Amino acid sequence: MGIGKAVPPHEFQQKSFSDYYFEITNSNHMVDLKAKFANICEKTMIEKRHLYMSSEILRANPSIMAYNSPSLTRRQELADVGVPELGAEAARKAISDWGKQASDITHLVASTSSSGCMPGADCELARLLGLKPSTKRFMLYQTGCHGGCTALSLSKDLAENNPGARVLVVCSEVCTLSLRGPSESNIGDLVGQAILGDAAGAVVVGSNPTVDEHAMFELVLTCQETIPGTEDALVSKLREGGILYTLHRDIPLHVSNSVERLVKLLLQEITMAPEPDLSEEVFWVVHPGGRGILDRIESKLELRDGKLAASRAVMRQYGNTRCSSVILVMEEMRRRSEKHGLRTAGEGLDWGVLVGYGPGITVEAILLRALSDKTATKLNTQVGTLVT
Ligand SMILES: CC(=O)CC(=O)SCCNC(=O)CCNC(=O)[C@H](O)C(C)(C)COP(=O)(O)OP(=O)(O)OC[C@H]1O[C@@H](n2cnc3c(N)ncnc32)[C@H](O)[C@@H]1OP(=O)(O)O
């Protein structure tokens, strides 16, 4: 029933990022690796990214900028502040978009792979936002890039099983644990340095909207798959040197095969005959994990050009912002739909699919229904879980 996003102020142009990155990590002597990194940056289709850590912070912390030097304490100290601060900014916008007060929130679901402390980012978020002390909190740490889907799925169950619940979902990511210098021995991690960006996304979810609430999307059905035999393909290990990524080249292949399976499963639930046309009758909110993955999903499902436009726009402007990215894509789609005067926030269509993926390899999907004013009013009298 409300959506908000926030990005930190430090903005980096992708075109010049290889120069910046090799300079700030004192790695300009690695001439060939720098050229390879510049090529990867160019292939990402990203135009700019936002990072929480400024050049001053990076220069003052050489252990963070080394490839793999003990630095966890300093990294976590930065995350302790950055994750809730950015999350709170997105949450305030989502609550204002919803039109009610922070004190009307009954449940908080927070997700991040950028931190891991107790009391956690959820406690600090509740304090910053002025949520009631009785707010029921759920903190999802290290849920990977599919953490946004996991948080939305959980919010659906909470909203449906607790009459009157209004669930605030906050997904907040800053690269404090994972930003590091380059290594010739781990190109997968270097790919991460070329694509990851910082952002927070927040939504308010609830069942049975009241007359003064406006629902945009219904979370109809959720599913998750762990792809057998891929446990080593997409790995994010938290060690003394922070988070080190392993990203195999075949991630796009595995993810696109799984997405095809899950989407078929979800769309069976819509009683439409014949089956819905994936390009003409379905809108797509896909985690922009990498240009290669979006391309592969598009070709595997034979989607027409432009169907992943909202995901590509988020990728271009912010990079891969991990668990917050699917909320940024929802927000982008809503913005574009409004701009073009379309009937629903889902590009004028009724049915859509939200897709996330991360370590496991885990792929999650949610069947969405975008609501026009007419269908939203009808739902006031039904049970449904709505992003309000
Ligand atoms: C963290 C989470 O929980 C979830 C996530 O979202 S994780 C992120 C998942 N994203 C990915 O894995 C990225 C997917 N890949 C891509 O989008 C694209 O491969 C890319 C944009 C990175 C590069 O584009 P491309 O069309 O593949 O470019 P390509 O010219 O083939 O590759 C550029 C170079 O990078 C290397 N490279 C690319 N991906 C690599 C990988 N995963 N591992 C090692 N090397 C890699 C290539 O070998 C090539 O090297 P050379 O220049 O020496 O030939």
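Select Leu266 first, in helix 9, which spans residues 251-267. The model on the screen is predicted. Leu266 is buried, with a relative accessible area of 1%. Display its surroundings next: leaving out residues up to four places away in sequence, Leu266 touches Leu221, Cys223, Val353, Ala365, Ile366 and Leu367. Then add Asn26 to the selection. Asn26 and Leu266 are 240 residues apart along the chain, and their C-alpha atoms are separated by 49 Å.

**The two domains**

Colour residues 2-206 as domain 1 and residues 217-377 as domain 2. Taken over C-alpha atoms, the centres of domain 1 and domain 2 are separated by 19 Å. How many residues does each domain give to the contact? Domain 1 supplies 61 residues and domain 2 supplies 43 residues.

**The nonpolar cores**

In soluble globular proteins, nonpolar side chains tend to be buried together. In this model, the largest nonpolar core has 58 residues. Select Phe17, Phe37, Leu58, Leu131 and Leu168, the members that touch the most other members of this core. Now highlight helix 5, residues 72-98, which contributes ten residues, the largest share of the core. Both domains take part: the core draws at least three residues from each of domain 1 and domain 2. A second, separate core has 36 residues, and it includes Cys171, Phe283, Val314 and Val326.

**Around Phe17**

Return to Phe17 and show the residues around its side chain. Apart from neighbours within four places in sequence, Phe17 is in contact with Phe12, Phe37, Cys41, Arg49, Leu51 and Gln193. Are Phe12 and Phe17 buried or exposed? Both Phe12 and Phe17 are buried.

The rings deserve a closer view. The structure holds nine aromatic pairs. Phe12 and Phe17 form an edge-to-face pair, with 6.1 Å from centre to centre and 85° between the planes. Extend the selection to Phe12, Phe17, Tyr20, Tyr21, Phe22 and Phe37, which ring pairs link into a cluster. Then show Arg49, whose charged end sits over the ring of Phe17, 4.3 Å from the ring centre.

**Pro9 and Leu51**

Leu51, one of the contacts of Phe17, also serves as a reference point for the next stop. Select Pro9, in the loop between strand 1 (2-6) and strand 2 (10-13). Pro9 counts as exposed, at 71% relative accessibility. Although Pro9 and Leu51 are 42 residues apart along the chain, their C-alpha atoms are separated by 7.5 Å.

**The cysteines**

Cys41, another contact of Phe17, leads to the sulfur atoms. How many disulfides are there? The count comes to zero. Select Cys41 and Cys175 together: the closest cysteine sulfur to that of Cys41 is in Cys175, and because the two are 13 Å apart, they are too far for a bond. Cys41 itself counts as buried, at 3% relative accessibility. Cys149 is in no disulfide either, and the nearest cysteine sulfur, that of Cys223, is 9.1 Å away. Cys149 also counts as buried, at 1% relative accessibility. Cys223 has already appeared on this tour, as one of the residues that Leu266 touches.

**Backbone details in the loops**

Switch to a view of the backbone and go to the peptide bond from Met118 to Pro119. This bond is cis, with omega near -10°. Pro119 is found in the loop between strand 4 (107-112) and helix 6 (121-129). Another cis peptide bond joins Gly360 and Ile361, with omega about -15°. Where is Ile361 found? Ile361 is in the loop between strand 12 (351-358) and strand 13 (362-370).

Finish with two residues that have positive phi. Gln142 is not a glycine, yet its phi is positive, at about 55°. Gln142 is found in the loop between strand 5 (136-141) and helix 7 (147-161), and it is partly exposed, with a relative accessible area of 34%. Glu302, which is likewise not a glycine, has a positive phi of about 50°. Select the loop between helix 10 (291-300) and helix 11 (309-318) to find Glu302. Glu302 is exposed, with a relative accessible area of 68%.

Methods:
Residues numbered from 1 in each chain as written. Predicted model: local features only at pLDDT ≥ 70, side-chain atom pairs only at ≥ 80, totals over all residues. Heavy atoms only, no water. Core = buried A, V, L, I, M, F, W, Y, C linked by side-chain atoms within 4.5 Å. Buried < 20%, exposed > 50% of the residue type's maximum accessible area, 1.4 Å probe, protein only. Helix = DSSP H or I, 4+ residues; strand = E, 2+ residues; numbered from the N terminus. Domains from an automatic or database assignment. Contact = heavy atoms within 4.5 Å. Phe/Tyr/Trp six-rings, centres within 6.5 Å; stacked < 30°, edge-to-face > 60°. Lys NZ or Arg CZ within 6 Å of the ring centre and 35° of its normal. Disulfide = S-S within 2.5 Å.
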